[in-house]
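Work through the exercises below with the sequence and the model side by side. Try each task before you read its solution.

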Amino acid sequence: MSKFLGTDLRWAAAACDPITLGRHDGRLLLTSGWVSHLLQETVYGLLSDESTRALVARAEETYTVRRNALVRELGERGVEAHGASGMNVWVPVRDESAVVNGLRSYGWWVAAGARFRLSAGPGVRITAAELEPADAARLASDFAGVLGESEATYGG
């Protein structure tokens, strides 16, 4: 759990007073990030709790609907996109900066892919976690427009 849950999220799972939280944070400054048995047991309890599991399943369903809507809308506009799980969609592009800046001018914030890839070509990462399916069409349309402008201006 310590690999993907930061200190704030781990402590959100266990109620504590400010003094206890301060002691915890102080210990983390001096250790390698060891996670206490109390926190491990709390996380285990949450992950084995039926209502928590139902909440996580609902989140997974929501992310799937939103991610798939964006991939579908981009595909309908001839834009290749990938996203098999999670909340992100990967879209290969020739010029990451041109696409990121172009979409920003339409009010969309996407991430240049350089820091998320090891051997793949250039691309942008779009987090669809809060993207309502109804807005996916507008984003896909703006994305296709930006790609057209980028190709005409920068060759990609």
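**Exercise 1. Which residue in β3 is the bridge partner of Trp90?**

Before starting, note that this is a predicted model, in which local features need pLDDT of at least 70 and side-chain atom pairs count only at pLDDT 80 or more, while totals for chains, interfaces and linings use all residues. Residues are numbered from 1 along each chain as its sequence is written, and side-chain values use heavy atoms, with hydrogens and water left out.

Step 1. Find the elements: helices (H or I, at least four residues) and strands (E, at least two) are DSSP runs, numbered from the N terminus. The protein chain has six helices and three strands, and along the sequence they follow the pattern α-α-α-α-β-α-β-β-α.

Step 2. Look up the partner: Trp90 has Arg125 as its bridge partner in β3.

Step 3. Follow Arg125 further, since Ala111 also stands opposite Arg125 in β3, and the charged end of Arg125 sits over the ring of Phe116, 3.8 Å from its centre. For a charge to sit over a ring, NZ of Lys or CZ of Arg must be within 6 Å of the ring centre and within 35 degrees of the ring normal.

**Exercise 2. In what order do the three strands form the open sheet?**

Step 1. Count the bridges, remembering that two strands pair if DSSP finds at least two bridges between them. Five bridges join β1 to β3, and two bridges join β2 to β3 (residues 123-127).

Step 2. Put the pairs together: the order is β1-β3-β2, with antiparallel pairing. Because β1 (88-92) and β2 (111-112) stand at the edges with a single partner strand each, one side of each is left without a neighbour in the sheet.

Step 3. Add the helices that pack on the sheet, where contact means heavy atoms within 4.5 Å. Helix α4 touches β1 and β3, and its direction makes about 20 degrees with that of β1, whereas α5 touches β2 and β3, and its direction makes about 35 degrees with that of β3. Here axes are lines fitted to C-alpha atoms, for helices over the stretch in contact, and angles run from 0 to 180 degrees between N-to-C directions.

**Exercise 3. What span should helix α4 have, and how far apart are its end C-alpha atoms?**

Step 1. Take the rule that the expected span is 1.5 Å times one less than the number of residues.

Step 2. Apply the rule to the 27 residues of α4 (residues 50-76), which should span 39 Å; the end C-alpha atoms are 39 Å apart, which agrees.

Step 3. Look at what follows the helix: just after α4, Gly78 takes a positive phi of about 80 degrees.

**Exercise 4. Is Gly113 buried or exposed?**

Step 1. Fix the classes: buried means under 20% relative accessible area, exposed over 50%, and partly exposed in between (1.4 Å probe, protein chains only).

Step 2. Compare the value: Gly113 has a relative accessible area of 0%, and therefore counts as buried.

Step 3. Examine the surroundings of Gly113, which lies in the loop between β2 and β3. Leaving aside neighbours within four places in sequence, Gly113 is in contact with Trp90, Glu96, Gly123 and Val124.

Step 4. Set a second residue beside this one: Arg104 lies in helix α5 (residues 96-104) and, because its relative accessibility is 35%, counts as partly exposed. Across the protein chain, buried residues make up 30% of the 156 residues.
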